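Work through the exercises below with the sequence and the structure side by side. Try each task before you read its solution.

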Amino acid sequence: MAVVERPPVIGPGHDFETVSKAISEIVLTRKTPLGWVFGFLMAFTFMMIFLMTATYLFLKGVGIWGINIPVAWGFAIVNFVWWIGIGHAGTLISAILLLLHQKWRMSISRFAEAMTLFAVACAGMFPLLHMGRPWLFYWMFPYPNTMTVWPQFRSPLVWDVFAVSTYATVSLVFWYVGLIPDVATLRDRAKSPFARKAFGILSLGWRGSARHWFRYETASLLLAGLATPLVVSVHTVVSFDFAVAIVPGWHTTIFPPYFVAGAIYSGFAMVLTLAIPLRAAYRLEDFVTMWHLDVMAKVMLTTGLILAYGYGCEVFYAWYSADTFERYMMWNRMFGPYAVAYWALIATNIVIPQLLWFKKVRTNVPLLFFVSLVVNTGMWLERYVIVITSLHRDFLVSSWGRYAPTVWDWATFTGTIGLFLTLFFLFIRFLPMISIVEMRTLLPQAGVKGKEAH
Amino acid sequence: MHGQDTKSSLYGLMAEFEEAGALVAAAHRVREAGYEHVDAFTPVPIEELHEALDLHRNEVPLIALIGGITGCLVGFFLQYWISVIAYPINVGGRPFNSWPSFIPVTFELTILFAALTSAFGMLALNGLPMPYHPVFNVPGFERATTDRFFLCIEAKDEQFDRDGTRAFLESLHPREVTDVVP
């Protein structure tokens with residue numbers, strides 16, 4: 001056992017009843033908070049923008065976007081990678097940290113997992129919309145068809161289909177399995193007959209039997225063990241989309257680890273972006289303590305440094321390879337037409353997050369919130385720089401080009417933020433955003449004091 | 001032994017405890033007394049109960065292993081069949097069976113099958129979903145998902161005796177002992 005004295009992961013003075021009450025009341029209260037209504041309407045407006053742009057896209061085709069030849073992968077891929085990266089923190093928190101027995105993960109795992117699901121849903125929109133004919137998306141899957149055509153399994157883009165759909169499915173199952181006992185708590189505490197019924201169906205008739213718990217715990221551990229290599233594989237496969245191509249700036253072996261580190265970095269930034277307003281709005285400071293924020297900031301700092309190493313490696317490779325095109329790509333990235341994006345990326349992803357070395361910053365909630373937003377922006381810029389600067393000037397000068405996003409690109413992107421927030425607002429209103437069972441296990445009440453207690 | 005009707009009219013007897021420690025101690029006593037069909041209902045998983053209720057091994061890992069191996073084989077041979085037999089395409093002279101390229105999808109399907117079988121296997125072994133169960137008829141059982149600990153001796157147990165078992169459960173100092181009606 002660890003000897004190091006750690007701050008408590010839960011506020012003082014709680015027992016099973018107060019914990020269950022504090023978390024379930026957010027869902028079971030009849031009065032919807034005004035702030036929720038306002039936030040939901042804002043998010044919903046942006047989701048409507050998304051639906052409208054998608055409709056217009058279906059009518060006109062991808063020509064409404066700024067993509068062209070050579071930059072055939074524009075915002076769609078940038079946003080896809082950004083969203084899928086954000087999703088990774090959820091699985092990391094709930095799976096890897098579970099295997100590492102990090103108790104602090106418990107109070108943030110539920111909504112981080114929800115964040116994963118919704119981020120993956122947003123990510124999935126982009127490859128779908130980027131297809132010329134999105135209604136034929138099922139052609140990506142191997143199924144017997146009258147054309148007798150099958151997918152090409154030597155292509156990373158096909159691997160991506162399997163990686164992302166597996167990731168979405170496993171995350172959903174993991175999240176739902178975690179929810180079952182909590183939903184049973186809601187079923188038993190709900191006053192309204194409708195809520196009792198709805199939560200009753202969702203809880204699958206969970207009754208807390210010791211035999212059920214025994215298998216449940218095994219299954220949770222197995223799912224965590226399976227999700228751990230999965231989460232690493234997903235962003236690795238995403239990075240293969242780039243690294244397997246021979247485009248300068250993409251064709252490097254550093255891509256898989258550096259993409260995974262970047263994914264965790266952006267994911268933790270998003271968890272902080274969501275957790276900081278949530279704990280204030282719902283008075284959850286007892287569960288998401290200052291210590292949690294501090295630890296998450298440290299994870300961000302660490303992964304940010306790994307990312308900085310990755311950027312350094314890219315520059316080194318470009319020089320050390322002595323490859324004309326690689327060297328030009330790096331020079332063009334730093335001083336070409338998209339230099340502003342590159343230096344903004346260095347500032348937001350590397351320079352500003354160094355503030356997190358200071359405990360004063362890590363414990364200053366508004367400043368931490370600001371840094372998390374900066375990192376979110378930085379990680380988006382990273383993908384923008386990787387996709388655009390590599391594609392717009394590759395080998396032949398005659399096939400160089402420029403890329404500029406159109407208003408529809410921006411509308412689709414902000415629209416998916418609306419979709420994400422809409423789903424998130426619905427989640428915090430209708431499901432427990434912190435795992436009640438895991439909070440209970442943190443309390444002394446969950447322990448057994450001696451074999452013969454009486 | 002009592003008559004058949006005593007057994008059939010009752011699912012079992014439920015004792016309610018306020019503390020996890022009391023429940024675990026009671027579970028040990030119940031098992032020592034020779035009862036076999038015993039279950040506990042708790043708001044949190046309690047590891048000490050496994051020993052008390054003789055829960056040493058479950059089938060979930062085996063099911064997940066079978067699922068994982070199936071996923072692995074399905075994943076690889078699906079790609080092999082498609083790329084070598086059903087739809088062979090020569091891409092720059094690369095072999096049809098480019099097995100290193102098949103690893104990512106094989107891996108993903110291994111994880112997918114193993115995860116789905118462990119989750120659904122767990123639910124199936126637990127007999128869930130089960131919308132109705134006699135224990136829900138126990139007054140106050142809704143607190144089993146908040147802060148109360150329950151122990152149930154089922155009527156189908158050979159040693160079960162309506163009055164004798166009740167007296168035995170009372171001797172374990174529960175808050176209350178209730179009949180569980182089916």
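Contact here means that heavy atoms lie within 4.5 Å. The model is a predicted one, and the values in the solutions are to be read with that in mind.

**Exercise 1.** Describe the surroundings of A:Trp357, and decide whether A:Trp357 is buried or exposed.

Solution. Begin with the place in the chain: A:Trp357 sits in the loop that runs between helix H11 (339–351) and helix H12 (359–362) of chain A. Next, list the contacts: when residues up to four places away in sequence are not counted, A:Trp357 touches A:Leu301, A:Leu305 and A:Arg362. Then turn to the side chain of A:Trp357, which makes a polar contact of 2.7 Å with the side chain of A:Gln354. Finally, take the accessibility: the relative accessible area of A:Trp357 is 51%, and because the cut-off for exposed is over 50%, A:Trp357 counts as exposed.

**Exercise 2.** Work out whether A:Met296, A:Asp294 and A:Gly310 are buried or exposed, and find what each of them touches.

Solution. First locate A:Met296, which is found in helix H9 (residues 290–320) of chain A; A:Asp294 has its place in helix H9 of chain A, and A:Gly310 lies in helix H9 of chain A as well.

Now apply the cut-off, which for buried is under 20% relative accessible area. A:Met296 has a value of 0% and is therefore buried, A:Asp294 is buried because its relative accessibility is 3%, and A:Gly310, with a value of 0%, is therefore buried.

The last step is to collect the contacts, leaving out residues up to four places away in sequence. A:Met296 touches A:Trp104, A:Ile108, A:Phe268, A:Val271 and A:Leu272, while A:Asp294 touches A:Lys359 and A:Arg362. A:Gly310 is in contact with A:Ile254 and A:Tyr258; in addition, the C-alpha atoms of A:Gly310 and A:Phe255 are separated by 8.0 Å, although these residues are 55 places apart along the chain.

**Exercise 3.** Describe the interface of chain B and chain A, beginning with how many residues of each chain are in contact.

Solution. Start with the count: 75 residues of chain B are in contact with 60 residues of chain A. Continue with the area, since the size of an interface is often given as the accessible area lost when the parts come together. Between chain B and chain A about 5900 Å² is buried, and carbon and sulfur atoms give 68% of this area. On the side of chain B, the residues that lose the most area to chain A are B:Pro45, B:Glu108 and B:Thr145, which together account for 11% of what that side buries.

Then look at the pairs across the interface. The rule finds 23 residue pairs in polar contact, and it finds one salt bridge, in which the side chains of B:Asp39 and A:Arg211 meet at 3.9 Å, N to O. To see where the contacting side comes from, note that helix H2 (20–32), strand E2 (38–41), helix H3 (47–52), helix H4 (60–86) and helix H5 (99–125) of chain B each supply at least two of its residues. Of the elements of chain B, H5(B) gives the most, with 17 residues. Sorted by class, the side of chain B that touches chain A has 47 nonpolar, 16 polar and 12 charged residues.

Conventions: Residues numbered from 1 in each chain as written. Chains lettered and ligands numbered in written order. Predicted model: local features only at pLDDT ≥ 70, side-chain atom pairs only at ≥ 80, totals over all residues. Heavy atoms only, no water. Buried area = accessible area lost by both parts, 1.4 Å probe. Salt bridge = Lys/Arg side-chain N within 4 Å of Asp/Glu carboxyl O. Polar contact = N/O pair within 3.5 Å; in protein donor to acceptor, adjacent residues only side chain to side chain. Helix = DSSP H or I, 4+ residues; strand = E, 2+ residues; numbered from the N terminus. Nonpolar A, V, L, I, M, F, W, Y, C, P; charged D, E, K, R; others polar. Buried < 20%, exposed > 50% of the residue type's maximum accessible area, 1.4 Å probe, protein only.
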